[in-house]
Amino acid sequence: MENAMVRVEGLQKSFWDESRGEIRAVDGIDFDCRPGEIFGLLGANGAGKTTTLRMLATILKPTGGRASLNGHDVLAEPEAVRRSLGFFSASTALYPRLTGRETLEFFARINQYPPDRVAERVDSLIDRFGIAEYANARVEKLSSGMKQKISIARTIAHDPPILIFDEPTVGLDVMAAIEMQRVVGELRDEGKTIIFSTHIMSEAEKLCDRIGIIHRGRILALGTLDEHRQATGQHYLEDIFVHYVAATGAGGGAAAAIGAPGPGESGQ
Amino acid sequence: MNWQDVWTLYRRELRSAFRERTIVVNSILMPVFLYPVMMWVMFTGLMFVSGLTDRAHSRVVLLDAPRNHPVLMDTLENRENVELRDQISADSAVSLIRIGELDALVEFAPPGAEGDKLADNFQVAISYDRAVARSRRASDRIEAIVDNYREEWVDSEAAELGIAGAEREQFRIVQENVSSDEQMGALLLGMMIPLFLVLMVALGCFIPAIDSTAGERERSTWETLMTVSASRLSVVTAKYLYVATVGIMAGVLNVTAVFLSLGAIMAPLLAEAGDQFQFTLPFLALPVMIVAAISLALFFAAAMMILASFARSFKDGQAMVTPVYWLALLPIVLGQQTDQTLTPMIAAIPVANAAMMIRDAINGVFLWPLMAETLVVLLVMVALCLMLARMVLQFEDLLMGSFDGSFWRFAKERLLNRNGKKTAGAKQGVV
């Protein structure tokens, strides 16, 4: 893909475990993401979604393959990658003793937003997320819904072109999850490249322009929902997912059997 | 490393820290108020207890009191803190002393063969229970009264025989303290300030070191921090400088508070007790103390952060870092040897060297080559700690907090392990 904002080629991550030996958490995955699209990474718990996204965010280093974001290689230019990226996950909490405003200022500055425009940017985020009422209260005093809004604002404080949301609705109530989905949709409409990982099928169906199905560290299939439907003959994403996973269980080379992309291909 | 990033991160750490009650209490309020107040309370308490002790009665039984020494008997009977009990047998009195119902038995007896030369001479045997403070005090009181009386009595007897006091004594020991009040003050400052400075710098670093590592993991802000565009080195440097800053602050605040309270609280109290102290510091002692505080803080911050980085929670962190705090105390024992000054050997012992350097400076002793050796040793220790930190942080699982074990297990399995297979995939150059 020519204009890919995110390019992943044969990405691997292995861990060593005393009792189990080498564990391949991510086993050579490939995908690309375009500007203004939401790319969904759909998989069960332990499939390798978070490890993949952590490698893209340069939190973890790949043990094989390559990945670049906004033209910056994750190994060679980790700081430039992180400047181009906003990362949101259930384990990226806020500093409890800072106020919402201080939080946004800090993340804008540390992610190299132009210093002379930080105050203006913070004000616009406070307006956008409707958090003016409690922007000067310490985060530790806020409700989880309020924290969630500040957390999303924090993720985009430096206006990055790429956003990663790793299971962002886990633990949220229905209304908060819907609000999160609305914000993610808005960000896509603004032209951001979004990688959205989830194990909730309805969420992926509703939000994602393309969906990669990941299982045991491998991408089993990648395409739009319609393409997945055509490939599997199933209508609902839940059935599509089960179809792909069952195919790997049948023992055949899963990727080949369902037409998943080979290394360096986008799957389109 | 980008110093602008370090500054932004450093300010964030400090801002959060000064809103955390535990850090404010441990690193600011305790150094400023606790020890000076504790010192005042202890001294006042000691004076109070001493006053109570002076007024407490000693219960005494006298046996065979000499009739020819009525003045001695009057003194014993009229002494406010001596209560003479009815006469009983010696055995009964000893039994009562053993069960704590009597404090001392005083038995007068004729002198031995040598003492017989002086008419009306006598000897005194005091039975008491050395294991009981009240009984010991009773014995001391009786001994002092009898000694005092005997001195006066011998003087008067000698005078009647025409022997002057000086002739009778032959020689007399006279002590004179040639120390000035300032030197006495320096002695006390030299004992207290190095101890407080080392302890407070270590205490100041303690909570921030845990809070900025294990605390971040516990609050789930560690991963948030790992996604900012600042380099890992900038993040670690900012944290390190923050921990050291709080340590320095705690040390300097405490020493200032101790110094001021010694002058304002202790000096008047000591003067009341009959001791004259004047608390002043040589001008050069101030920069020496500041340099020592900075070096100690850099050392403690590095050592504590390395250990705290193995903890997954604040509680784990406390358990892992506490040994450093106690280890810091051991070398200070050397600093309490009051006649010792900095030597090449002591200058080579981290922490002890700084404590000794401070004490020397307070006493106006500036051994510049040995002070330079002290600083070099401390800075080498800091460099070693930072090198170790760099090695440790190259392991991804440790950086991410997924390593489940202590520093010792890590050192055994990773740093000392020659089997490359086991570490494959774990070590990823990060910083």
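This is a short chat about a predicted model with chains A and B.

Student: What helices and strands does chain A have?
Tutor: Chain A has ten helices and ten strands.

Student: Why does the radius of gyration of chain A agree with a compact globule?
Tutor: For 268 residues, a compact globule would have a radius of gyration near 18 Å, and chain A has 19 Å, so the two agree. Its C-alpha atoms fill a box of roughly 60 × 45 × 40 Å along the principal axes.

Student: How much of chain A is buried?
Tutor: Buried residues make up 49% of its 268 residues.

Student: Switching topic. How many residues does each chain give to the contact?
Tutor: Chain A gives 27 residues and chain B gives 25 residues.

Student: Which element of chain A gives the most to that side?
Tutor: That is α3(A), with four residues. The elements giving two or more are β1 (6-17), α2 (78-83), β6 (85-89) and α3 (100-110) of chain A.

Student: And how do the residues on chain A's side divide into nonpolar, polar and charged?
Tutor: There are 13 nonpolar, seven polar and seven charged residues on the side of chain A that touches chain B.

Student: OK, cores now. Which residues of the largest nonpolar core touch the most other members?
Tutor: Among them are L197(B), F300(B) and M304(B), in a core of 163 residues. Helix α11 (residues 285-308) of chain B gives the largest share, 18 residues.

Student: What does F300(B) touch, leaving out residues up to four places away in sequence?
Tutor: F300(B) touches V201(B), A202(B), C205(B), G247(B), V324(B) and A328(B).

How values were computed:
Residues are numbered from 1 along each chain as its sequence is written. Chains are lettered from A and ligands numbered from 1 in the order in which they are written. This is a predicted model: local features need pLDDT of at least 70, side-chain atom pairs count only at pLDDT 80 or more; totals for chains, interfaces and linings use all residues. A nonpolar core is a set of buried Ala, Val, Leu, Ile, Met, Phe, Trp, Tyr and Cys residues joined through C-beta atoms within 7 Å. A residue is buried if 20 or more other C-beta atoms lie within 10 Å of its own, exposed if 12 or fewer, and partly exposed in between; C-beta atoms are placed from the backbone. Two residues are in contact if their C-beta atoms, placed from the backbone, lie within 7 Å. Ala, Val, Leu, Ile, Met, Phe, Trp, Tyr, Cys and Pro count as nonpolar, Asp, Glu, Lys and Arg as charged, and the others, Gly among them, as polar. The radius of gyration is taken over C-alpha atoms; the globule rule is 2.2 Å times the number of residues to the power 0.38.
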